[in-house]
Every structure is written in C-alpha cells, then in structure tokens.
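This report covers one interface and one helix. Please look over the sequence and the structure before reading on.

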Protein chains: 2
Amino acid sequence: MMKDVTAVLTIAGSDSSGGAGIQADLKTFAAFQCYGTSVVTALTAQNTTGVQAIHGVPQDFVAQQIQSVLDDIDIRGIKTGMLFDSPNTKVVASTLKEHFKRNGRVPLVCDPVCVSTSGHVLLQPEAITAMVDDLFPLAQLITPNRQEAELLLKARSLRSDVTSLDDMLVAAQNLLTLGPEAVLLKGGHVNVSVDDIKSVAVPDNASVEVSYDFFLGENMELFQTAKTSVAEDLVVDVLCRRGVRTITLYPRPRLQSKSTHGTGCTLSAALACALGNGIPLTEATAQATSFTHLGIETAVPIGKGFGPLNHLHSASRFVLQPRTPGNPYPLTQKLIRSTARLWKEYVQHDFVVQLGKGTLKRSSFIHFIKQDYHYLKYYARGYALLASKSHGFASILAATKIILHISSESTMHTSFCAQWGITAEELETTPESPATTAYGAFLIDTGLQGDTTKLLMALAACLLGYGEVGLWLKREAEKSNSWVTWEGNPYLKWMQDYSGEDYQNAVRVGLETIEAVAAADPPSPSRYDEWMAVWEKCVQLERGFWDMAMNLS
Amino acid sequence: MMKDVTAVLTIAGSDSSGGAGIQADLKTFAAFQCYGTSVVTALTAQNTTGVQAIHGVPQDFVAQQIQSVLDDIDIRGIKTGMLFDSPNTKVVASTLKEHFKRNGRVPLVCDPVCVSTSGHVLLQPEAITAMVDDLFPLAQLITPNRQEAELLLKARSLRSDVTSLDDMLVAAQNLLTLGPEAVLLKGGHVNVSVDDIKSVAVPDNASVEVSYDFFLGENMELFQTAKTSVAEDLVVDVLCRRGVRTITLYPRPRLQSKSTHGTGCTLSAALACALGNGIPLTEATAQATSFTHLGIETAVPIGKGFGPLNHLHSASRFVLQPRTPGNPYPLTQKLIRSTARLWKEYVQHDFVVQLGKGTLKRSSFIHFIKQDYHYLKYYARGYALLASKSHGFASILAATKIILHISSESTMHTSFCAQWGITAEELETTPESPATTAYGAFLIDTGLQGDTTKLLMALAACLLGYGEVGLWLKREAEKSNSWVTWEGNPYLKWMQDYSGEDYQNAVRVGLETIEAVAAADPPSPSRYDEWMAVWEKCVQLERGFWDMAMNLS
C-alpha cells in the first residue's frame, strides 16, 4: 500500500524534450517518491541542442493554475523555475504570498532561471526586479548559478564578479541581502581546487564548514586510489543562511559530461522534495546535490546536444506486485503461474486421480506412505533448521509448531501401515528411494546454503501442493456425479486429512508467512530468480515422488 | 549505470494537479523506466474536483514542439491525449504523418479524449472529424471509453449504444472501421458479469479469447476465498485487431475507489511504453491494464474530489547508490561512514598506535598473537563455510584461496611465537579468551543463519580493518618525523605483512567481491539493515579483541 505521500509543486516552464523544466521536476519528484503537481508559466519548443521557440502563458492563467492546485491539494514544498516575464513573476509572488498568509508558509525554493545553457533568454530582463522584490522575500532558498548571481548582484549594483571561491563566499552573503532566508550559490562555472577550500575552511574557524560527502573521510585509507586522491578540479556549491554565521561548502569532483541539460531544475526540484519532507536545509542540500551529481554521472547520451540527466539512477522496479486486497498472495501466485504445467503435473498427478477414484493400487499407496514417512523426517528437519536460523521466539515457535504438526501427520502413516499389517520396524527399516533422498537432501542443502526465505521457498511446494490436492479432491467430490469416490474410498482418511481444517489452516499460515517475508524484504530480480529455481526444483521433486509411487521405484 | 533507455512521447494537455494529462503520462513513463518527452496541446487549470479553465496552445507552436522532439530524440512510442481543437488535431496528425513517412512508423496510441470525467469538453466537437480522418489511420491503437466510443460511432452514424458486453464487441469492431490498426474499448462504464463473459467466450470458438490475469487459473484452489470467488461485478476491456479474427477480453474486478482521475491517460501512456519496448499488443495491453488497476487499488486519497492514481506502486528506491567511477565502493563506504566512531576506535585502537610506535608491551602482543591464532581458525572455517554455501567453482575456489591465505598468515603467528620461545604446543593449548570465542562463534553462527552475502558482511570487518591498519601505519611511517617507528620496531614484520602487496591484494579482491554481490542483488531496506547490524557487531568485536590484548583478559 502507498504510504502518506508528500505533495510538491513546481512553477516553471515546460521543456518538450523532457530534460529540464516541469518535466525534469516531475521526474525528480517521482524519483523522490513525492506527488508532483505543476504550474506552467511558459511553453518552450526545445531539445538538447537549444530552445527553438517560447510561448508565454498569460498572467491570469498562471494564477488560475496555482489556485487550482493550492485550493485542493496539501502542498508541502514548492519550487519556481523559469517565470518568463514580469507579469508572471508578479502573479506567482502575489498568489503564493496570499496563500502563505492564509495557510502558513511552505518551503519555497526559487531557482532564478534567467538564461538557458544554450544562451536563450528565459526571464525577460525587466522581470528581475519583480523576482527580487516580490518573490525572494517569500523564499526559504534561492539557487542561482554564477551567471544568475552576477546578473542579480549587478542589478543591485553590488560587487558582481564571481570567478573564485573567495568571490563566491562574498557573493552568497550579498545575495542574502536580497531577501531570501538562504542562498545556495552553485559553483558549476567556477574552478576550485582542494587548496582553495583549505584556505577558506581554516580549522578552528567556525565561519566555514565543509560537507565532505563526496570525499573519503578519515580512516578510509583502503579506498584511496590514484584517481580519487588527485581530484583537484572541484565544483563547490556555497550555502549561506540568514542568521547563521557558518557558511557550508558542498564540494564534489567535476564531471566531464555532456549530460547536463536541466541540472539546475533537477537540483531545485530535489531540494523542494527534501524540504517538503521536513529535512533540515543543510542535509537537504547534501541529498539534492548528491542526487543531481549521480544523475549526471549515470546518464546515457540522449539527443544530439547537451543531454538530460538520469533521474532514475536510484529507482528500481519491484519484481513482485504489492500485496493488495485483490491479490494478497502475489508471490505464490506468480510462482505457480510461472510453473503452471509442472504444477499441474504435480497436483493432478495420476497418483492423485487414482487415489481420488479409489482405484490406486494398494502397493503404490503403501510404497508412497513408507517413503513419505521417511520424507517427513527430512521435512521436519527442514523446519528445525528454519527454527535454528530464526531471529526471535515468534519465528522459532512458528517453525516448532509445524514440526509438531508434521509429527502428528506421520501418525497417519503409521496407522495406515498398521492397518495393512506393516510393522513399525518394517516402516523404519524400509530403505529410502532415490526420489526420497533427492527431495529430502535438497531441502536440507537449500536450508544450509541460503537464508530463511530461501528455505521457506523449498518447504512451500509440499505444504501448498498437498493443500491444493486435498481441496481439489474434496471440491470435486462435492459435485454431483463426481469422479471422486469419497465414502468407501480406501484412502478416505488421506483425503480427509489434507482437505481438513487442521491442514488447511497450516496452509493459510504458510501462505501468510511466505508473503509477509517477501513483502518485508522485496527480492531483487536475481534473488527472485533463486527463489523461483528452488520452487521449480521442488515441484519437480514432488512430481518425481509420485512417479516413484506409481512405478514402485 | 543506466542502460539503453526507451524514449517515448506524449502529445496531450497539461493537468496542473498532476493526476492526468502529460503529468500522469510522465509519471507512468518514469514508472516504466522510459525516458519521457511531452508536447503540450492545451493547458488546464484543474484539480481533483474539476477543470477550472483551459488555455489552448496555438497550432504552430504545437507543431514546433513536436518537431523539436522528433528532430533530436529517437522516439520509440507515442501517445496522444487531449488535442483540444481541430487545428491542433490536424497539425499533430500531419506532423506525425510526415515523420513516419521519412523515418518509418512508430507505435502510436491515440486516446481519443473528448470530455473530462467532470464533464468538461476537452476536444471541441468539430475536431472529432479531424481526429478520425487524419489521426486514426496513423494509430496502432485507439483507446476510447464508452462515452468516447458512442460519440465516435454516432459521428459516423454507426450503432452507438454501448451498454453491455455484447454491445462492446460490436462497437469495437465498428470502431476498427474508422481506420486504426486496433481498438481497445475500455469497459469502465459498462457492467459485466462472469456469465456475460462465459456467454461470449464459448469454448471451441476462436473468435473471443479471455486474458484471465486477474483471476485464479486452474489448480489454484488454495487461493480461493469467499471474496474472489464471487467477483461478479467486472470491468472488461475489449481488444479488437485489424486482420485478426480473435477478439481479446481483459476482465478484472471492479474497484470501488474515488482515485480514478487520469485513469485513461495512465493506461494509454503505459501502452506507449510497452509498445515502445517492442512488446506485442496483447501482452502490452495486459501489462498496461494491470499497471493501471494497481494504480487505482493502491492509491491514497489526494485532493477533495476524484484523486489521482498511485503511479509508483511498483517503484522502489535503492538503499545503495549505484557503483560509479567516482565511487566504486558504495556499500563498504556506507558501512564505514555509518559506523565512523566505532570504526575509528577499531582501526586506531591504542593497541595499533602503541604497536606502530614500537612501545606495545610484549605481553599484550603475545596474548594477541595467541588469541589471533585461535581466531584465524574460526576465520578460515568461515571461508570454508562460504565455500560450502557457494553456487559454482569460481566462488568455491575464491573462498578456498582465502583459506590458504589465512593458513599462511598463521605462520607469522607461529614464527613470532617461536621467536619468543613459545612452543607450538603451548600455542595450540592456550585457552580461548571470551573475546575470541565471541567473535569466532559469531562468524560461524552468522554463516549458518544467513546466506553467503550476510556471511561476507561478517568476514569483512577483519579483512578490511587490518588492511586499513596496515596502510595507515605504513603511510604514517613514510611521513617525516613520523610517530611510527618502522625500522627497528619489534613488530615490524606484523606491519609489513598487513601493509604488503599480498594482503592488500586480498583486500582489493574482498572489496570487489562484496560490492559486486551487492550490486547484483541490491538489498531491500530490511536486508541492508541486517547487513549493517552484522557489520557493526563485527567492528565492535574487533575493538573488543584489541581491548582483550591490552588488558590481557
């Protein structure tokens, strides 16, 4: 089941090629498993080579979109990107201001998008004033890059050269005076070395701290390689917060990549998710910069120019669908469906059919019962192994109860034997057939080789298959003119036992256990393949077990 | 690393509230791990309660967006949704037709969106002709719901009542005459029973087949519950293909849910992904209907009206970041970072520091060497257990080589002892300290309880920690005025052995093995927590081992 979900909003332009704008934002929201909403301020016809055309959205319609979202959905984080022109910028600011006034503030990340990487103007110059005057005071964070910082500072006649780490520290502090609660000045276009960082982050100076997520910490000599120890060309983002004396630096190695289209959009969208989830700003910044860095590092080329990031680098798909009211047993159903032919050969084996008719040769049944008696010892040992591998008393006891159940199941075998003049001694000393040893030893081997879940897979084919056979024979017997002989069948007790409440309860508990384990620790594709191989092997061994009974091997 | 990715395109309206339109499509594309692009035909200001306003996009700008995408990106699947008006519909059709002519056809799914669930007109009535005449002939599939089917059939003066399954079969065939290669007529607004299906899907009649994905197959008595056996209220989608006599039905239980906003968008987007991935139409339809059904079934309420689906029901996030050139050891780095304090107490233990200085009491070192000799037997047995749990000769041999390595490591212990007058007999008969037994027995217990990966976690702290200590002491010794005494240190051989090429090679192989295993079978959060617990425990036991040496316990 889907848990409570954080809803976030982007107010930005649309990028038809999907790498930037609301598209990058929505992909980032999905990667963070947030619910994404979006307000479009302008449409662009663009691709990885550049912006071919822009269609601005009327001011009133921008306001209407924001209103539609905020009136209906509990938005916990907002980001703004390309705002296009002054009227749109003003209406975004006034609508959000009004909303914050009535409903309280929500983290707002303002990415002051001005010019595209390809040089296209995405914010008309006269709109800068509106952005600074109206929007920045509402923002928890603004995220300018070097060029945007220089534009903003120049517009306020502040020192606007940002060519070094020292410049960045000054610029970030100056940008803070424009009104936002915090500034994350992005360093993608400034060259910084390790020595530059050391020169500003002086020990015992609390005014600059460094987030070393991308670098080896102490006591990590063993990861040193020639490559990481000479990462001299760094990108450093600088975080400066109002009322906090310490500036935080986020350095990382510079990546040589053409997959950088939409980097700023992605970063600010990731920040909106993290802040919307209630994560503090410094940690949110670490998460968002790391997410974006990996998006560049793992991207494959798309398009002919500067391609998009890989937003899904940390997303995987479940092999199994979630448990739902409609299908509470997705794992076992998938196992059975995937082995449908084999499963049918097992649960509708000729042995079963003849047993149901009551025509099964007594010699086959006796051979089966003797071998099944031996098998049940392995089967009980399998659950004992499960108990020995368990983590707590609940699972130790659950496995132990099944051992007791198997022990009582075996009394059916001894009573059948007694009924047909086979002594307890003869039963015990009957040699194991190869089919019995193969199946029994496979259970124990699987249990010794893998974890408890893999052992549960090995134990499932017997538990579920006999449950299926019992139910099938009983339901068939209930039909009019049934082919199954119930009363008077020499094997009635066998059918009663496996269709009875006691055994069927054990089946239900077993199903629930397997499904709960798989849901709590969803398998990767390779782990699922291992489970599947164990299941399939056991269904084969079950079929072989009844072959053995029929041909007395 | 991201694999080759299927790029898909949606041409549709924008839904500010994120539940339908290009937003639902982009979320679906992400869920299918496809690369999403989008062309906006109209903007809507809407939410879960209805559509508040619509802003149509000019025809030329729609064409420009399509051109920008198709000129640059290799699109493998396309869907169309809300097209808004006749000019936009025409320009979409003509642009795609031209593209297909020059570059070959791409699967095109046309969702003939006409009216929103809330009754808002999303396609101007006069545009229907353009959609049918210009777009349908390009479509591999159209996906009308009941209302859209009735509108389309009425426009062509064909029988247009769709109130039963029989009607649906006729309607689907009639819709096929409008030009598309196939029709998927959606049954969300038609009530169908199991008997209705039985009456049309007559055995030995090849003209109707049923996809029973949502129902139990044969030999699945054990999943029967009161609930699933009386699923009388069904939704049935009907697939009809040109040139194929057999109609396919996709029935599923009807869900009682208010989370249905964007159902049609989601279905057609999922179809575009599946077809774009080269999956045949009948299987693609099964995948897409199942994806959409689960989206409704697992949704949590969002908004005050008809809420969105959960598009991320089958998406999970990796606990570990992917292995990248920048960080090829994400698992071990995370383990060490998460236990930084404890790890430091281990690898920079007073024992290590005094050993490096050469000031360590001989009694402590001798006690350590004796106990470490005992420990190495457990450690060798741990790798033997790993070999016994292995799947193939490669891993059997890898573990065996380490056993040989440990055996040769132990000769350092015997030679130290010989040097200090301790006989082999005294060494063998020295009782195990509790710290030795605790650590050694924990290794074996972990190996018996879990799978090979968990055992590798248990074996890692010793391998990596001694590698770290060896490297650290060596690198410190190489500094001028070092606190480490190298030449003349009574423990020089110990430092040489663990910093030497032989042991450091073993560390590199160990790191590679652990990271490769984790990358091939990425852990769920709960599995990672188990690994973490084992790692942390072993680091504690390592620290305890050196405590034991210092206090001669």
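The text below takes up the contact between two chains, then a helix.

The model is predicted, with local features needing pLDDT of at least 70 and side-chain atom pairs pLDDT 80 or more, while totals for chains, interfaces and linings use all residues. Side-chain values rest on heavy atoms, without hydrogens and water.

**Interface**

The size of an interface is often given as the accessible area lost when the parts come together. Between chain B and chain A about 9,600 Å² is buried, and carbon and sulfur atoms give 56% of that area; the figure is the accessible area (1.4 Å probe) lost by two parts on being put together, summed over both. On the chain B side, Asn219(B), Leu222(B) and Arg317(B) lose the most area to chain A, together 8% of what that side buries.

| Item, chain B with chain A | Value |
|---|---|
| Residues from chain B in the contact (heavy atoms within 4.5 Å) | 113 residues |
| Residues from chain A in the contact | 114 residues |
| Salt bridges (side-chain nitrogen of Lys or Arg within 4 Å of a carboxyl oxygen of Asp or Glu) | 8 salt bridges |

A salt bridge joins the side chains of Asp451(A) and Arg527(B), at 3.2 Å from N to O.

**Helix H12 of chain B**

Helix H12 (residues 340-347; helices are DSSP runs of H or I, at least four residues, numbered from the N terminus) has Leu342(B), Trp343(B), Tyr346(B) and Val347(B) buried, meaning under 20% relative accessible area (1.4 Å probe, protein chains only). These residues lie on the same side of H12(B), because they cover an arc of only 120° around the axis, taken from the directions from the helix axis to the C-beta atoms. The buried residues of H12(B) pack against helices H11 (330-338), H13 (350-357), H18 (452-478) and H21 (525-551) of chain B.

Methods:
Residues are numbered from 1 along each chain as its sequence is written. Chains are lettered from A and ligands numbered from 1 in the order in which they are written. Buried means under 20% relative accessible area, exposed over 50%, partly exposed in between (1.4 Å probe, protein chains only). Helices (H or I, at least four residues) and strands (E, at least two) are DSSP runs, numbered from the N terminus.
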